[in-house]
Amino acid sequence: MLLQQGGGKRVMEKNIRVGIVGSGNAAVFHYEAYKRVTGIDVKVVGVTSIDKSQCNDFAGRRNIQPFASLDDMLPVVDIVDNCTPGYAHEAVSVAAFEAGNHVVVEKPFTGYYGPEGDDSFHGNRFPKQKMLEEAVASARRIIAAAMKSNKKLCYAENWIYAPAVQKEAEILSKSRGQILWALGDQSHSGSPSPAYGIWKLSGGGSVVGKSCHPLTAILYLKQIEGMAFHGKAIRPKAVSARTHEITRNPRFVDKGFLRTDYEDIEDYCQIHLIFDDGMVADVFASEVVMGGVHNWLEIFANNHRAKCNLSPTNAMELYNPKEEQLAEVYLLEKIGTKQGWSTPAPDESFVFGYPQEIQDFMEAVATGREPKSGMLAASDSVGVLYAAYLSAERKGTEVEVPLDPALDS
Ligand SMILES: NC(=O)c1ccc[n+]([C@@H]2O[C@H](COP(=O)([O-])OP(=O)(O)OC[C@H]3O[C@@H](n4cnc5c(N)ncnc54)[C@H](O)[C@@H]3O)[C@@H](O)[C@H]2O)c1
């Protein structure tokens, strides 16, 4: 993992060993991304998960070691890749930093999951001021553990690495553009994770689970703009938000096409964000949108306008007259039918930024530089998302975004 300068060339002393925590959806696409890393010797050596049978199956299919516990895995890996649901992000990440590992942590960075052991907790009815304070405190504890250990905190917000978002970052930075208004959305017909839908496991619904993606890409672009312009990131300042529980509205008529088994989370949100330079962003997210994942961002700058389409894109347009003949062909995330016209994603992982994200993290660990998506994006996203919950509780009243003083530049 360590690098030496030898004759102008960097030489790897040993390979980087990765251990994955969690063996569900995110673990699968992270594993695939590690296989695509180039120029750095990386090996996923093992996995651990509280679902032992899923863990063994995941390990068996990939010929890696299933570890009985995180404690067993920590001494034999350099990086812990935290692919657990949000409720476990802090405990797993802090334990990994304390053991001297670098950490990759999935979104949402962290949040509020209810009082320990309180089975009567319902996130949608819990006071949001307390949630905001606790979520921000949790984020600060992880950041403090990362700083103390001097290891890398890699925040797995793949939208930051989507080629369209990276291209916009380049345009902004080289043209010294200023974002006046950013608009974004992530929506689909419901997450496949069983943990999603239960606040004490997921930390919330559309706000933390979906709006985090376009929101964090926008936070990142404003950081890039600020660095290019003033050498200082532009940070979020205040937020107004609304949330709704559309599929639990007694007047909702269920036709069977949307996931509806949410316990205590919202399935729709809109967030209006004001930055410290007075410019604004609007982010939408919901679980009530059919026709495939709807991932997009539009940037209205003072010198250009950009549409970043992650899904759908029109790289390919397909007409299929008969559903069954494509039964074995993957077309697009969460597309409801393969019959008729569709826009298959030829390399969806790449367009979503998954391999580029892991490549950047491995380079950051190998060279000692910061990842593009690190502490600032992670920390600021938690502040905005939980300030949004407080605003929504107050039916849209503006709420100040608390920022971690340890990250003030
Ligand atoms: N970036 C993206 O596009 C994207 C997509 C899907 C999920 N995610 C994120 O990835 C994380 C995992 O989501 P998922 O869809 O893989 O969920 P999942 O429910 O499919 O898998 C979670 C895994 O973690 C394990 N687990 C739960 N608690 C644990 C603990 N305390 N210790 C060890 N293992 C534990 C479960 O047994 C399971 O194997 C979530 O934070 C989610 O928001 C991100």
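Let's start with a word you'll need all the way: a residue counts as buried if 20 or more other C-beta atoms lie within 10 Å of its own, as exposed if 12 or fewer do, and as partly exposed in between, with C-beta atoms placed from the backbone. Helices (H or I, at least four residues) and strands (E, at least two) are DSSP runs, numbered from the N terminus.

Two notes before you click. This is a predicted model, where local features need pLDDT of at least 70, side-chain atom pairs count only at pLDDT 80 or more, and totals for chains, interfaces and linings use all residues. Residues are numbered from 1 along each chain as its sequence is written.

**Stop 1: helix 1.** Select residues 25–35. Color A26, A27, H30, Y31, A33 and Y34, the buried residues of this helix. Look down the axis of helix 1: its buried residues fall within an arc of 160° (taken from the directions from the axis to the C-beta atoms), so they line one face of the helix. The background is simple: an α-helix has 3.6 residues a turn, so residues three or four places apart point the same way.

**Stop 2: the ligand.** Now show the shell of 23 residues around the ligand (C-beta atom, placed from the backbone, within 6 Å). G22, G24, A26, D51 and E106 come nearest. Which helix gives the most to this shell? Helix 1, with three residues. Domain 1 (3–156) and domain 2 (159–349 + 372–407) each supply at least three residues to the shell; those bounds come from an automatic or database domain assignment.

**Stop 3: strands 3 and 4.** Select residues 16–21, which make up strand 3. Five of its six residues are buried, so strand 3 is largely enclosed by the rest of the structure. Add strand 4 (residues 42–48): the two pair in the parallel sense over six bridges, where pairing takes at least two DSSP bridges. To see one bridge, pick I20 and its partner V47 in strand 4.

**Stop 4: helix 10.** Jump to residues 354–367. Is helix 10 largely enclosed or open? Enclosed, because 11 of its 14 residues are buried, among them Y354, F361 and A366. Try a distance too: at 1.5 Å times one less than the number of residues, helix 10 should span 20 Å, and its end C-alpha atoms are 20 Å apart, which agrees. Just after helix 10, G368 takes a positive phi of about 85°.

**Stop 5: A392.** Finish in helix 11 (residues 375–393), where you'll find A392. A392 is buried, with 23 other C-beta atoms within 10 Å. Select S240 as well: the C-alpha atoms of A392 and S240 are separated by 7.2 Å, though the two residues are 152 apart along the chain.
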